[in-house]
Amino acid sequence: MTATKIPYNKAADDIGQWNRMPSRFRNLIPSQHFPPEKGRYVLYVNYCCPWAHRTILVHGLKGLEDIVQLVEVDARDSTHGWWFSGKRGPDRDPVYGVKYVKELYLKADPQYNGRITVPLLWDKKHETIVNNESSEIIRIFFEGFDDFLPVDKREISKGAAAFVPTQLRTQIDTLNSWVYDNVNNGVYKAGFASSQAAYDEHVTKLFEALDRLEYHLSEASHYPYLFGEHITEADIRLYTTLIRFDISYYTLFKCNKKMIRSDYPRLHAWLRRLYWNEGPETAGGVFKNTTFFDAIKRGYSSVAAGNGIVPAGPVPHILPL
């Protein structure tokens, strides 16, 4: 994926910055070098980061808890990058005992001098990084480990309930690409704009996109989820931005023309429907159970405002259905 080119912003990089350099590690599972195996792979994540959150969601929705190890990296240092503080997650990497994610990157490639990012999919057998691009990791998780899952959890068995149904693949890919540019990255383009003109341009495009998504959900074929009756990849990729919108982007990123809860009734209903759903289609509440509002607000406050002061509102973080 290629984002608009504007100057690098260190603060934005701290929480999953939008001006993303091409990911260095782009291997897939299954492949000759990386076959699917139970217990072989580790997913390193941070719960504030929306890019990591999408991989966490798919990991849970697919029921990969006993197949791909999930490890939380809970802190970020301005010098060394992501590290294990022990406040929320482990105080060291449970696989190698290292303190910094940077050490994993250097273990995979001693000459590596790129950005240190999460999510990170690691191979314990070859002691290297499989992939650090969130959109590819979630596609790996959709089908890559299906042989270890019950038949009803395999994408080939789910028909119209698959996360990327064959008949909707082109439409989902098109919407994903547009949402990525205008919404997922749109909030970062506005929040870290380097001039008034850039901010005005990007915040306008962001809210035009939200208006379009609101209309999209008004169509019968796009209800109750973005492509109808079943949750798809498109819902997952949009959710991680919109669940952060009112609590972080509205205030800290100056995306404050409208709020989801007060100005977009269909998007608001869609968001709450995903969050509060504890049925089998959400694996018992994966959206709710992996959304930690306090961690999200602290993470964004530490870089967007520069002083770590966390906004009090909105209250509540999300409204009931």
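A cavity here is a set of grid points where a 1.4 Å probe fits but cannot get out, and its lining residues have an atom within 4 Å of a point. I note at the outset that this is a predicted model.

**Entry 1: cavities**

With that in hand, I searched the whole structure and found four cavities of 30 Å³ or more. The largest cavity holds about 70 Å³ of space. Which residues line the largest cavity? I listed Leu242, Ile243, Asp246, Arg261, His268, Leu271, Phe293, His317 and Ile318. Sorted by type, that lining has five nonpolar, two polar and two charged residues.

**Entry 2: the annotated domain**

Next I turned to the UniProt record, an unreviewed entry, which places "domain: GST C-terminal" at residues 165-292. I checked the make-up of that stretch: the chain over residues 165-292 is 63% helix and 0% strand. Its end C-alpha atoms sit 30 Å apart.

**Entry 3: phenylalanine 287**

I then picked phenylalanine 287, which belongs to helix α13. Is phenylalanine 287 buried or exposed? I count phenylalanine 287 as buried, because its relative accessible area is 0% and the cut-off for buried is under 20%. For its surroundings, I left aside neighbours within four places in sequence and found contacts with Leu57, Leu61, Ile231, Ile236, Tyr239, Leu274, Tyr275 and Thr282. I also took the C-alpha to C-alpha distance from phenylalanine 287 to proline 165: these two are 21 Å apart in space and 122 residues apart in sequence.

**Entry 4: threonine 290**

A short step along the chain took me to threonine 290, in the loop between α13 (286-289) and α14 (293-304). Threonine 290 has a relative accessible area of 10%, so I enter this loop residue as buried too. What does the side chain of threonine 290 pair with? I found a polar contact with the side chain of histidine 53, at 3.0 Å. Not counting residues up to four places away in sequence, threonine 290 touches Tyr47, His53, Ile56 and Leu57. I was pleased to meet Leu57 again, as it appears among the contacts of phenylalanine 287 and among those of threonine 290.

**Entry 5: serine 301**

My last stop was serine 301, placed in helix α14. Serine 301 has 0% relative accessibility and therefore counts as buried. Where does the side chain of serine 301 reach? I traced it to the backbone oxygen of lysine 297, at 2.6 Å.

Conventions:
Residues numbered from 1 in each chain as written. Predicted model: local features only at pLDDT ≥ 70, side-chain atom pairs only at ≥ 80, totals over all residues. Heavy atoms only, no water. Helix = DSSP H or I, 4+ residues; strand = E, 2+ residues; numbered from the N terminus. Buried < 20%, exposed > 50% of the residue type's maximum accessible area, 1.4 Å probe, protein only. Polar contact = N/O pair within 3.5 Å; in protein donor to acceptor, adjacent residues only side chain to side chain. Contact = heavy atoms within 4.5 Å. UniProt positions renumbered as here; feature names shortened; annotations may be inferred. 1 Å grid on protein atoms, 1.4 Å probe; cavity = no way out; pocket = protein on both sides within 12 Å on 5 of 7 lines; lining within 4 Å. Points joined across faces, edges and corners; volume = space filled by probe spheres on them. Nonpolar A, V, L, I, M, F, W, Y, C, P; charged D, E, K, R; others polar.
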